[in-house]
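These are my notebook entries on one structure, written in the order in which I looked things up. I wanted to see how the helices meet, what lies inside, and where the backbone does something unusual.

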Amino acid sequence: MSTKQIITPALRAAVHVRSSKLSPELAKSAAAYLSSAPSGGKHALPDLSYDYAALEPVISAETMELHHSKHHNTYVTNLNVSLEKLDAAVSAGDVSGIIALQGALKFNGGGHLNHTLFWENLCAKGSSEFPTSGALKDAVDARFGDFDTMKKDFSALTIGVQGSGWGWLGYNTNTGSIEAATCANQDPLKATTGLVPLLGIDVWEHAYYVDYRNVRPNYVNAIFDVVNWKAVEERLVKAQG
C-alpha cells in the first residue's frame, strides 16, 4: 500500500467534488467518505481496554486475538486503501472509478465502524450487570416488558441472520424507543435503518467458530454475560439527547 497520507481530506474533497462530471449525490458521498478520515490521514485499529483473555470462558483469547488483530485489522487496512483510491478518483473526476469503489468503502468502512463499537460493547464477565434502574432499564421495559423478554426477542432475531451479519439494539429517534434489528454483512446500522446503534452482536462465524463451532445460538446466549451495559446505556442517553 502506498505510504501517501490523505492530507486534509475534507478540504481536498470540497475542492475536487465540485467537478461538473459528478452528480450531487456522488459528490456528497465521496466527500463524506474522505472527510471521515482522522486528522492523521488514516484510520487505525483501536486498542482494546482489556486483555484478549479477559472475556474467557465466553470468548477465548484465541478468538479475540484473531478477531481483533486479523479480521478487524483487515477492514482497517482495506478501508485506507479504498480511501486513497477514492481520493485519486475524485481528484481526477473519475466518475466510473468513484462508483466502483462504493462497495469496498461500505463493506470495509462498515466493518471498521461495527467492530469498533463491538469491542466497546464487551467487558469481563464479572463487570457485566444489567442496571436495575435508569434510562436503559426504562427503555427496555417500555419496549419489551423486561430484560428477559428483550434478551429472548433480540437473541432470536440475531440467531436468525442468514449467512453473515449483525444483530443490533438501536434507538429510534423518531419514536423515542429502542428496537431490535439485523443487518447483513458489514452494513452499518444507522446508514441502513436509521437506528442509532446501542449494542451489536457480530454473527460472522469468525466471531465464534473457534469456541462454539457452528452452534450460533450458544454463542449468542453466552455473549450476554460479557456485555458492557454501562457503555450501552451511555450511548442511549447520548442518543436521547
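Entry 1, burial. I call a residue buried when its relative accessible area is under 20%, exposed when it is over 50%, and partly exposed in between. I keep in mind throughout that this is a predicted model. I began with His72, which I found in helix 3, residues 61-92. His72 has a relative accessible area of 0%, and therefore I note this histidine as buried. Leaving out residues up to four places away in sequence, I listed what His72 touches: Leu45, Pro46, His67, Gly111, His112, His115, Thr116 and Trp119. I also looked up the separation of His72 from Val226, and the C-alpha atoms are 19 Å apart in space, with the two positions 154 residues apart in sequence.

Entry 2, a buried loop residue. Next I turned to Val203, which sits in the loop between strand 3 and helix 8. Its relative accessible area is 0%, so Val203 too goes down as buried. With residues up to four places away in sequence set aside, Val203 touches Thr158, Val161, Gly163, Ser164, Gly165, Trp166, Tyr208, Arg216, Tyr219 and Val220. From Val203 to Cys123 I read 18 Å, C-alpha to C-alpha, for a separation of 80 residues in sequence.

Entry 3, helix 9. Which residues of helix 9 are buried? In this helix, residues 216-223, I noted Arg216, Tyr219, Val220, Ala222 and Ile223. Because these residues cover an arc of only 165 degrees around the axis, I place them on the same side of helix 9. Among the elements covering them I found helix 4, helix 6 (147-159), strand 3 (196-202) and helix 8 (209-212). In helix 6 I picked out Ser155, which counts as buried because its relative accessibility is 9%. Apart from its neighbours within four places in sequence, Ser155 is in contact with Met150, Val220 and Phe224.

Entry 4, the nonpolar cores. In soluble globular proteins, nonpolar side chains tend to be buried together. How many residues does the largest nonpolar core have here? I read 47, and the residues with the most contacts inside this core are Leu122, Ile178, Ile201, Tyr219, Ile223 and Trp229. I followed Leu122 outward, and beyond its neighbours within four places in sequence this leucine is in contact with Tyr50, Leu55, Ile59, Ile223, Val226 and Asn228. Another core, of 13 residues, lies apart from the largest one, and its members include Ala30, Leu34, Ile98 and Leu101.

Entry 5, helix 10 and its two partners. For helix 4 (residues 95-121) and helix 10 (residues 229-240) I noted axes 8 Å apart and a packing angle of about 125 degrees. That angle is why I describe helix 4 as oblique to helix 10. Leu117, Glu120 and Asn121 are the residues of helix 4 that meet Ala231, Val232 and Arg235 of helix 10. By class, I count three nonpolar, one polar and two charged residues in the contact of helix 4 with helix 10.

I then looked up helix 5 (residues 135-144), whose axis comes within 9 Å of that of helix 10, the crossing being at roughly 80 degrees. Angles of 65 to 115 degrees count as roughly perpendicular, and I therefore enter helix 5 and helix 10 as roughly perpendicular to each other. Here Ala135, Leu136 and Ala139 of helix 5 meet Trp229, Val232, Glu233, Leu236, Val237 and Gln240 of helix 10. The contact of helix 5 with helix 10 divides into seven nonpolar residues, one polar and one charged.

Entry 6, backbone details. Where did I find a cis peptide bond? The bond from Glu56 to Pro57 is cis, with omega near 5 degrees, and Pro57 lies in the loop between helix 2 (24-35) and helix 3. I also noted positive phi values in residues other than glycine, including Asn185, near 50 degrees, and Arg213, near 55 degrees. Asn185 is in the loop between strand 2 (177-184) and helix 7 (189-193), and I enter this asparagine as partly exposed because its relative accessibility is 37%. Arg213 has its place in the loop between helix 8 and helix 9. With a relative accessible area of 46%, Arg213 is likewise partly exposed.

Technical notes
Residues numbered from 1 in each chain as written. Predicted model: local features only at pLDDT ≥ 70, side-chain atom pairs only at ≥ 80, totals over all residues. Heavy atoms only, no water. Axes fitted to C-alpha atoms, helices over the stretch in contact; angles between N-to-C directions. Helix = DSSP H or I, 4+ residues; strand = E, 2+ residues; numbered from the N terminus. Parallel < 35°, antiparallel > 145°, perpendicular 65-115°, else oblique. Contact = heavy atoms within 4.5 Å. Nonpolar A, V, L, I, M, F, W, Y, C, P; charged D, E, K, R; others polar. Buried < 20%, exposed > 50% of the residue type's maximum accessible area, 1.4 Å probe, protein only. Arc of directions from axis to C-beta. Core = buried A, V, L, I, M, F, W, Y, C linked by side-chain atoms within 4.5 Å.
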